[in-house]
Amino acid sequence: MARLRLPPRWLPAALLALWSLPTLAQPAGGCPPFSAAANRAPHYPPAELWRLLGYVINVIIDTDACGRVEAARVEQGSGVAVLDAAALAAARAWTVPPEYRGQPRYRLPFAFEPLPEEIPAQAGQRLRDPFFDERRSGHVPMPVLDADGTLPGYIPDPYPIGFLSIPEAVATIGPLALFRRYGAQADFWLHDEEGLSLFQLEGPMMVRNRRVSDGRHRFVVTSVLCGNDLDACRQSLATLRASRGRQRPQVVAVATP
């Protein structure tokens, strides 16, 4: 998940003019109302869940007189394409607050932080469904690698999500998980006997992204729990599968005798 280092001191650091440029006159009127809540940080892409490293990605934005982004580019990338893309997409949706307008160009540093390091392990606090032991093993056969060494971003979890309904899932994992909200999406990071999972709730479905291993590589598998609107859930699932980027599995170090 990604978090901007925002209040209380984020603006002086984040909105830095790159060089001396002519100041734009503040518009007398006609700019749409500004909402600070609309400026959201990107979240850690599920396909990179195994990585859990920290990155700062600097994005340069060009704005109009109302602070709306007209162009954006990555100045300092992470070396991980999907993280750079997430930061770029977030920057394009930003609006500079009225009190900081006057420059046509700014730098936004987006900090992707490995939140799971902050999550204490929760043990013995969940009901065990029939597939609990299989998920707890953390072992899943890995699909065949492509020629470039990557896997699909969406790999179906061979075991069910572990809950019968979305309200049951939220009631069970909510008190145990690290919770973050991004607009309409709610993220629950959970570290328990089944390992590390990211549950994402948005619209008609809950998605579980689970970090697993085949003994040699670590990668992410995904399961979905639909709400009452099955047609909407199917459409959302199709969109999810199509939008997932490739994932590159991490080689697990094997101890030698």
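Me: Leaving aside neighbours within four places in sequence, which residues is Asp-214 in contact with?

Reply: Asp-214 is in contact with His-139, Val-140, Pro-141, Met-142 and Phe-219 once those neighbours are set aside. Keep in mind as we go that this is a predicted model.

Me: Okay, and where is the place of Asp-214?

Reply: Look in the loop between β8 and β9. From there, Asp-214 comes within 8.3 Å of Gly-138, C-alpha to C-alpha, although 76 residues separate the two in sequence. The side chain of Asp-214 also has a partner of its own: one of its polar atoms lies 2.7 Å from the backbone nitrogen of His-217. As for accessibility, Asp-214 counts as partly exposed because its relative value is 23%, and buried would require under 20%.

Me: Let me try another aspartate. Is Asp-157 buried or exposed?

Reply: Asp-157 is buried, since its relative accessible area is 11%. You'll find Asp-157 in the loop between α3 (132-137) and α4 (166-173). Its side chain reaches the backbone nitrogen of Tyr-159, at 3.0 Å. Further along the chain, beyond four places in sequence, Asp-157 is in contact with Arg-210, Val-221, Thr-222 and Ser-223.

Me: Let's move to charges. How many salt bridges does a search of the whole structure find?

Reply: First, the general idea: side chains of opposite charge can pair when their charged atoms come close. In this structure, the search finds ten salt bridges. One of them joins Arg-68 to Asp-64, with 2.9 Å between the closest N and O atoms. The two partners are not equally accessible: Arg-68 counts as partly exposed at 37%, whereas Asp-64 is buried at 17%.

Me: Which residues are linked in a network of salt bridges?

Reply: That network links Asp-129, Arg-135, Glu-194 and Arg-208. Take it pair by pair. Asp-129 and Arg-135 meet through their side chains, 2.5 Å from N to O. Arg-208 pairs with Glu-194, and here the closest N and O atoms are 2.6 Å apart. Arg-208 lies in strand β8 (residues 205-213) and Glu-194 in the loop between β6 (185-192) and β7 (195-202), so this pair ties together parts 14 residues apart in sequence.

Me: Is Arg-135 buried or exposed?

Reply: Arg-135 counts as buried, because its relative accessibility is 0%. Arg-208 is buried too, at 1%, and so is Glu-194, at 2%.

Me: Now a helix. Which are the buried residues of α4?

Reply: The idea to carry with you is that an α-helix has 3.6 residues a turn, so residues three or four places apart point the same way. In α4, the buried residues are Ile-166, Ala-169 and Ile-173. Seen down the axis of α4, these buried residues fall within an arc of 60°, so they line one face of the helix. On the face turned away from that buried side you'll find the exposed residues Pro-167 and Ala-171.

Me: What do the buried residues of α4 pack against?

Reply: They pack against β6, β7, β8 and β9 (217-226). While you're there, check the start of α4: a side-chain oxygen of Ser-165 reaches to within 3.3 Å of the backbone nitrogen of Glu-168.

Me: What about the nonpolar cores? Which residues of the largest one touch the most other members?

Reply: Those are Val-59, Ile-61, Phe-110 and Phe-112, out of 19 residues in the largest nonpolar core. The elements giving two or more residues to this core are β2 (55-63), β3 (69-76), α2 (81-92) and β4 (105-112). Of these, α2 gives the most, with six residues. Apart from this core lies another, of 14 residues, which includes Ile-173, Ala-177, Met-206 and Leu-225. For a close look at one residue, try Ile-61: beyond four places in sequence, the residues that Ile-61 touches include Val-69, Ala-71, Val-96 and Leu-108.

Me: Last one. Where in the chain is confidence lowest, and where is it highest?

Reply: Confidence is lowest in strand β1 (residues 2-3), at a mean of 32, and highest in β9, at 93. Over residues 1-28 the pLDDT is below 50, and this stretch has 70 contacts in the model beyond near neighbours in sequence. For the chain, the mean pLDDT is 79, with 77% of the residues reaching 70 or more.

Conventions
Residues numbered from 1 in each chain as written. Predicted model: local features only at pLDDT ≥ 70, side-chain atom pairs only at ≥ 80, totals over all residues. Heavy atoms only, no water. Helix = DSSP H or I, 4+ residues; strand = E, 2+ residues; numbered from the N terminus. Buried < 20%, exposed > 50% of the residue type's maximum accessible area, 1.4 Å probe, protein only. Polar contact = N/O pair within 3.5 Å; in protein donor to acceptor, adjacent residues only side chain to side chain. Contact = heavy atoms within 4.5 Å. Salt bridge = Lys/Arg side-chain N within 4 Å of Asp/Glu carboxyl O. Arc of directions from axis to C-beta. pLDDT = per-residue confidence, 0-100. Core = buried A, V, L, I, M, F, W, Y, C linked by side-chain atoms within 4.5 Å.
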